[in-house]
Amino acid sequence: MSELWLDTELDEPSLRHIARVMYDSGYSLGELRYIHLDEVAHVVCFNLKTPAGEWVNFDDDWLIEQIMASSKPKGRILNILTRVWRMRLLYITEDKWLTVKKYYLELRDAESHEMHNNEPCDYQDKVEYFYSLVFLILRIIQYNIPIGLLVVFCFSYTWLNIEQRIFVEKFGCGCRTGFNTNHFNLIVFAVVILLFSLVYAVRLKILRHYSNRYFIYAYSLMVVFIICALTVGKNTWM
């Protein structure tokens, strides 16, 4: 699993090899996730933050020695701070882990189909479930970063339109016949909604490993629509 932290691109055969080694180890997926995060990653996670990190392989003896050294008891507060700090770096390899996890489950399903149907799934292990949920939440937050830009735009637009009266002085209030400020508002925010629908469609690659990505896409667009509708209502001139 240390190969996930090498400073190089891992192709499909490499990721399938990692999955095979994981499966042959006999550990459950939850145990493997624990080993990956609390033992291996603890030692090698900073390799991807080094300008010229290791890209071939980590020395096995060195890796074992470092894992044994890092497993020595530490204070509870230090352990918590270390876990929180490491979470940011673990996020970097989550895409690779999800791919390896998929290959691992394919091997398990192919070789233990009957057992898989009759026993609880390994991926429901508390450790795996917890980290999968945490990283999904982080993905959703990352995916919805444009919402922050939209909120800033809406506040700025309201300040220009209501406080500074820029648009109403140019196009007139809603009581004016023909094209007025209210029509201008509708055009602006229709363009904004269209733009954000395209932006979120492009950003779906962030969620490419998740089957519910289109639901998240639709939900995000609904939030965008609600924010825009509320802003248009606030900017309506009678």
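Q: A residue counts as buried when its relative accessible area is under 20%; in this predicted model, what share of the 238 residues is buried?
A: Let's start with the whole chain, which is a predicted model. With buried taken as under 20% relative accessible area, the share among the 238 residues of the protein comes to 40%.

Q: How many helices and how many strands does the protein have?
A: Reading along the sequence, you meet the pattern α-α-α-α-α-α-α-α-α-α-α. The secondary structure therefore comes to zero strands and, on the helical side, eleven helices.

Q: Is V40 buried or exposed?
A: V40 sits in helix α2. Its relative accessibility is 7%, and the cut-off for buried is under 20%. V40 therefore counts as buried.

Q: How many of the 16 residues of α2 are buried?
A: V40 has company in this helix: L29, G30, L32, R33, I35 and H36 are among the buried residues of α2. The list also includes L37, D38, A41, V43 and V44. Helix α2 is mostly covered, and the number of buried residues is twelve.

Q: On which residue is the kink in helix α2 centred?
A: Helix α2 covers residues 29–44 and has a kink of about 35°. The residue at its centre is one of the buried residues of α2. The kink is centred on H36.

Q: What distance separates the C-alpha atoms of V40 and S2?
A: Along the chain, V40 and S2 are 38 residues apart. V40 belongs to helix α2. In space, the C-alpha atoms of V40 and S2 are separated by 6.1 Å.

Q: What distance separates the C-alpha atoms of D60 and S2?
A: D60 is found in helix α3. D60 and S2 are 58 residues apart along the chain. Their C-alpha atoms are separated by 9.7 Å.

Q: Is D60 buried or exposed?
A: D60 lies in helix α3, which covers residues 60–70. Its relative accessible area is 53%, and the cut-off for exposed is over 50%. D60 is therefore exposed.

Q: Which residues form the negative surface patch?
A: D60 of helix α3 is one of the residues in this patch. With a relative accessible area of 53%, D60 is exposed. The negative patch is formed by D59, D60, D61 and E65.

Q: Why are E12 and R16 about one helical turn apart?
A: An α-helix has 3.6 residues a turn, so residues three or four places apart point the same way. E12 and R16 both belong to helix α1, residues 12–24. They are separated by about one helical turn because the spacing between them is four residues.

Q: What is the N to O distance in the salt bridge of E12 and R16?
A: Side chains of opposite charge can pair when their charged atoms come close. E12 is partly exposed at 43% relative accessible area, and R16 is partly exposed at 35%. Their side chains meet in a salt bridge with an N to O distance of 2.8 Å.

Q: With which residue of helix α5 does R16 form a salt bridge?
A: The closest N and O atoms of this salt bridge are 3.3 Å apart. The pair links distant parts of the chain, with R16 in helix α1 and its partner in helix α5 (residues 94–111), 90 residues apart. The partner is partly exposed, with a relative accessible area of 36%. E12, R16 and this partner are linked in a network of salt bridges, and the partner is E106.

Q: How many salt bridges does the structure hold?
A: Besides the pairs of R16 with E12 and with E106, the side chains of D24 and R20 meet at 3.2 Å, N to O. D24 and R20 both lie in helix α1, four residues apart. R20 counts as partly exposed at 29% relative accessibility. The number of salt bridges in the structure is three.

Q: What is the accessible area of the nonpolar surface patch?
A: The patch is formed by F215, Y219, M222, F225, I226 and L230. F225 is found in helix α11, residues 213–234. Together the patch residues have an accessible area of about 690 Å².

Q: Near what value is the phi of R165?
A: R165 lies in the loop between α8 (145–163) and α9 (166–171). R165 counts as partly exposed at 39% relative accessibility. Its phi is positive, in a residue other than glycine, and is near 55°.

Key
Residues are numbered from 1 along each chain as its sequence is written. This is a predicted model: local features need pLDDT of at least 70, side-chain atom pairs count only at pLDDT 80 or more; totals for chains, interfaces and linings use all residues. Side-chain values use heavy atoms; hydrogens and water are left out. The bend at a residue is the angle between axes fitted to the seven residues ending there and the seven starting there. Helices (H or I, at least four residues) and strands (E, at least two) are DSSP runs, numbered from the N terminus. Buried means under 20% relative accessible area, exposed over 50%, partly exposed in between (1.4 Å probe, protein chains only). Patches are made of residues with over 30% relative accessible area and no salt bridge: like charges are joined within 9 Å, nonpolar side chains (Val, Leu, Ile, Met, Phe, Trp, Tyr) within 5 Å. Accessible areas come from the Shrake-Rupley method with a 1.4 Å probe; for residues, only the protein chains shown count as cover. A salt bridge is a side-chain nitrogen of Lys or Arg within 4 Å of a carboxyl oxygen of Asp or Glu. Lys and Arg count as positive and Asp and Glu as negative; His and the chain ends are not counted. The place of a charge is taken as NZ of Lys, CZ of Arg, CG of Asp or CD of Glu.
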